[in-house]
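Grab a coffee and work through the exercises below with the model open beside you. Try each task before you read its solution.

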Amino acid sequence: MNNNKVKVGVANKEGQLGFVFSRGGLREGSGRKSLGVTKKISLTLTEDMWGEIENHCTEHKLSRSEAIRNIIESFYTK
């Protein structure tokens, strides 16, 4: 018999919820490590430019965030 119980657990960090399965659970320091501070922005570009970015992402198997982060980092890294 498969007993897949799911509980919602509260992490040690304020305001975060996590799913707790029958094994494992929320552990301090687990999960993907942060690259830095996340800030939401709105960016207006032409349709052609968005197309170029999407093509680049597809060709290099990158997320939009990764591609834009790479562009910004290469501009500021001298």
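**Exercise 1: Both ends of an ion pair**

At 46% relative accessibility, R64 counts as partly exposed. Keep in mind that this is a predicted model.

Task: Find out which residue forms a salt bridge with R64, and where the two partners lie.

Solution:
- Start with the general idea: side chains of opposite charge can pair when their charged atoms come close.
- Now look around R64. Its salt-bridge partner is E54, and the closest N and O atoms are 2.6 Å apart. The cut-off for a salt bridge is 4 Å, so this pair makes the grade.
- Next, place the two residues. E54 sits in helix α1 and R64 in helix α2 (residues 64-76), so the bridge ties together parts that are 10 residues apart in sequence.
- Check the exposure of the partner too: E54 is partly exposed, at 31% relative accessible area.
- Last, take stock: the structure holds one salt bridge.

**Exercise 2: Between the helices**

Task: Look at K61 and L62 in the loop between α1 and α2. Which of them has a positive phi, and what does L62 touch?

Solution:
- Begin with backbone angles. Most residues other than glycine have a negative phi.
- K61 is not a glycine, yet its phi is positive, at about 50°.
- Then check the side of accessibility. K61 comes out at 77%, so it counts as exposed. L62 comes out at 23%, so it is classed as partly exposed.
- Finally, list the contacts of L62. With neighbours within four places in sequence set aside, L62 is in contact with H56, C57, A67 and N70.

**Exercise 3: Two surface patches**

Task: Which residues gather in a patch of negative charge, and which make a nonpolar surface patch?

Solution:
- Take the charged one to begin with. E47, D48, E52 and E59 form a negative patch on the surface.
- Zoom in on D48, which belongs to helix α1 (residues 47-60). The relative accessible area of D48 is 64%, so this residue is exposed.
- Now for the greasy one. I41, L43, L45 and M49 make a nonpolar patch of about 370 Å² on the surface.
- Pick L45 from that set: you'll find L45 in the loop between β2 (17-20) and α1. L45 has 31% relative accessibility, so it is partly exposed. Patch members need over 30%, so L45 passes that test.

**Exercise 4: The whole chain**

Task: How many helices and strands does the chain have, in what order do they come, and how much of the chain is buried?

Solution:
- Count the elements: there are two helices and two strands.
- Read them off from the N terminus, and you get β-β-α-α.
- For burial, the cut-off is under 20% relative accessible area. Of the 78 residues, 8% count as buried.
- Turn to the surface: the chain exposes about 7,900 Å², and carbon and sulfur atoms supply 53% of that.
- Wrap up with contact range. Among contacts between residues at least 6 apart in sequence, 5% join residues at least 24 apart.

Terms used:
Residues are numbered from 1 along each chain as its sequence is written. This is a predicted model: local features need pLDDT of at least 70, side-chain atom pairs count only at pLDDT 80 or more; totals for chains, interfaces and linings use all residues. Side-chain values use heavy atoms; hydrogens and water are left out. Patches are made of residues with over 30% relative accessible area and no salt bridge: like charges are joined within 9 Å, nonpolar side chains (Val, Leu, Ile, Met, Phe, Trp, Tyr) within 5 Å. Accessible areas come from the Shrake-Rupley method with a 1.4 Å probe; for residues, only the protein chains shown count as cover. A salt bridge is a side-chain nitrogen of Lys or Arg within 4 Å of a carboxyl oxygen of Asp or Glu. Lys and Arg count as positive and Asp and Glu as negative; His and the chain ends are not counted. The place of a charge is taken as NZ of Lys, CZ of Arg, CG of Asp or CD of Glu. Helices (H or I, at least four residues) and strands (E, at least two) are DSSP runs, numbered from the N terminus. Buried means under 20% relative accessible area, exposed over 50%, partly exposed in between (1.4 Å probe, protein chains only). Contact means heavy atoms within 4.5 Å.
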